[in-house]
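Visitor: Please show me the model, and then I will ask about its helices, its cores and its aromatic rings.

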Amino acid sequence: MSDEPAGGRHLLTIGQLAGYAGVTIKAVRTYHDRGLLPEPPRDTSGYRRYGAEHAVQLVKIRTLAQAGVPLARIRELLAAGPERFGTAIDEIDRALRQRSAEIRRTRQRIAQLQGGDRLFVSEQVAGYLDRLREIGISERTVLLERELWILLQAVEPEQAAAWAAGKLAAIADPEFRALYLDYDAAFDWSPADPRLPALADRTRRWYAENDPEPESGLLPDPAIARLAAATAAVSSPAWARIAELTRR
């Protein structure tokens, strides 16, 4: 004897039901688990058979879900009268508008991220970093510089602007560009590399000839200066050695 109600009203398999309603079988099972769609008894073959009332209920659930109604509120709406239904829909609409506004703000932040360096540093500094890339400085070194600029701008924005102007002027000098490219190439050298003393000497001479006030190029905050030096030392022992030789 079959467990189907008389009249053979329960004729659909779960797959057929899902297909008629335009949802997945997984969705039907989710609605069962949430108590939104009643499960019919199994027939003698062990299968659940669904009828028209299940299809109608499933279409209602799908319609509400596609409209953005949270699953947690669908049961309430299915059982609500016209007045309560209208009130609930207004509440859900307000929540969706708030969520939409949050999404717009998030997209704006993501769009800002496409600005790359300009999200974190001034337009002037970003231009300087772009110039470094143009002359062939490695992205690794450019990013290390950017991290230092972020710190410097946070601590001394006015000094950062002045220093950036000086850096832009320096990078226009062919001798400084050559010096910077060699310095960049030295990143992976051994700190005992015999080329380092000559590079340190060139660095010292360039600054002596082009910066009559050496103090103007120094970082204004001692803590930031120490942090920058420590970062360079960790990043490249060869750079740390160049700094040591230059100070002598």
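Guide: This is a predicted model. The protein chain contains 12 helices and zero strands.

Visitor: What pattern does the protein chain follow along the sequence?
Guide: The chain has zero strands. Read along the sequence, the pattern is therefore α-α-α-α-α-α-α-α-α-α-α-α.

Visitor: What share of the residues in the protein chain is buried?
Guide: A residue counts as buried when its relative accessible area is under 20%. Of the 248 residues in the protein chain, the buried share is 30%.

Visitor: Which residues touch the most other members of the largest nonpolar core?
Guide: This core has 30 residues. At least two of them come from each of helix H6 (123–135), helix H7 (139–155), helix H8 (157–171), helix H9 (174–185), helix H10 (196–210) and helix H12 (237–247). H6 gives the most, with six residues. The members that touch the most others are Leu129, Leu132 and Trp149.

Visitor: How many residues does the other core have?
Guide: This other core lies apart from the largest one. Among its members are Leu17, Tyr31, Val69 and Leu77, and its residue count is 21.

Visitor: Which residues is Trp149 in contact with, leaving aside neighbours within four places in sequence?
Guide: Trp149 is buried, with a relative accessible area of 1%. With those sequence neighbours set aside, its contacts are Val121, Val125, Tyr128, Leu129, Ala160, Trp163, Ala164 and Lys167.

Visitor: How many aromatic pairs are there, by the ring-centre rule?
Guide: Rings of Phe, Tyr and Trp pair if their centres lie within 6.5 Å. By this rule the count is eight.

Visitor: Are the rings of Tyr128 and Trp149 stacked or edge-to-face?
Guide: Tyr128 is in helix H6 and Trp149 in helix H7, so their pair ties together parts 21 residues apart in sequence. Tyr128 is buried at 0% relative accessibility. The ring centres are 6.0 Å apart and the planes stand at 70°. Because planes over 60 degrees apart count as edge-to-face, this pair is edge-to-face.

Visitor: How is the pair of Tyr183 and Trp239 classed, stacked or edge-to-face?
Guide: Tyr183 belongs to helix H9 and Trp239 to helix H12, so the pair ties together parts that are 56 residues apart in sequence. The centre-to-centre distance is 4.7 Å, and the planes are 15° apart. Since planes under 30 degrees apart count as stacked, this pair is stacked.

Visitor: Is Tyr183 buried or partly exposed?
Guide: Its partner Trp239 is at 6% relative accessibility, so Trp239 counts as buried. Tyr183 has a relative accessible area of 25%. This value falls between the 20% and 50% limits, so Tyr183 is partly exposed.

Visitor: Which residues do ring pairs link into a cluster?
Guide: Tyr183 and Trp239 form one aromatic pair, and both belong to the cluster. The full set is Phe176, Tyr180, Tyr183, Phe187, Trp206, Tyr207 and Trp239.

Visitor: Over which ring does the charged end of Arg195 sit?
Guide: Arg140 lies over the face of Phe187, 3.8 Å from the ring centre. The charged end of Arg195 is 3.7 Å from the centre of another ring, that of Trp189.

Visitor: How far apart in space are Ala161 and Val125, C-alpha to C-alpha?
Guide: Ala161 is in helix H8, and at 34% relative accessible area Ala161 is partly exposed. Ala161 and Val125 are 36 residues apart in sequence, and their C-alpha to C-alpha distance is 7.9 Å.

Key: Residues numbered from 1 in each chain as written. Predicted model: local features only at pLDDT ≥ 70, side-chain atom pairs only at ≥ 80, totals over all residues. Heavy atoms only, no water. Core = buried A, V, L, I, M, F, W, Y, C linked by side-chain atoms within 4.5 Å. Buried < 20%, exposed > 50% of the residue type's maximum accessible area, 1.4 Å probe, protein only. Helix = DSSP H or I, 4+ residues; strand = E, 2+ residues; numbered from the N terminus. Contact = heavy atoms within 4.5 Å. Lys NZ or Arg CZ within 6 Å of the ring centre and 35° of its normal.
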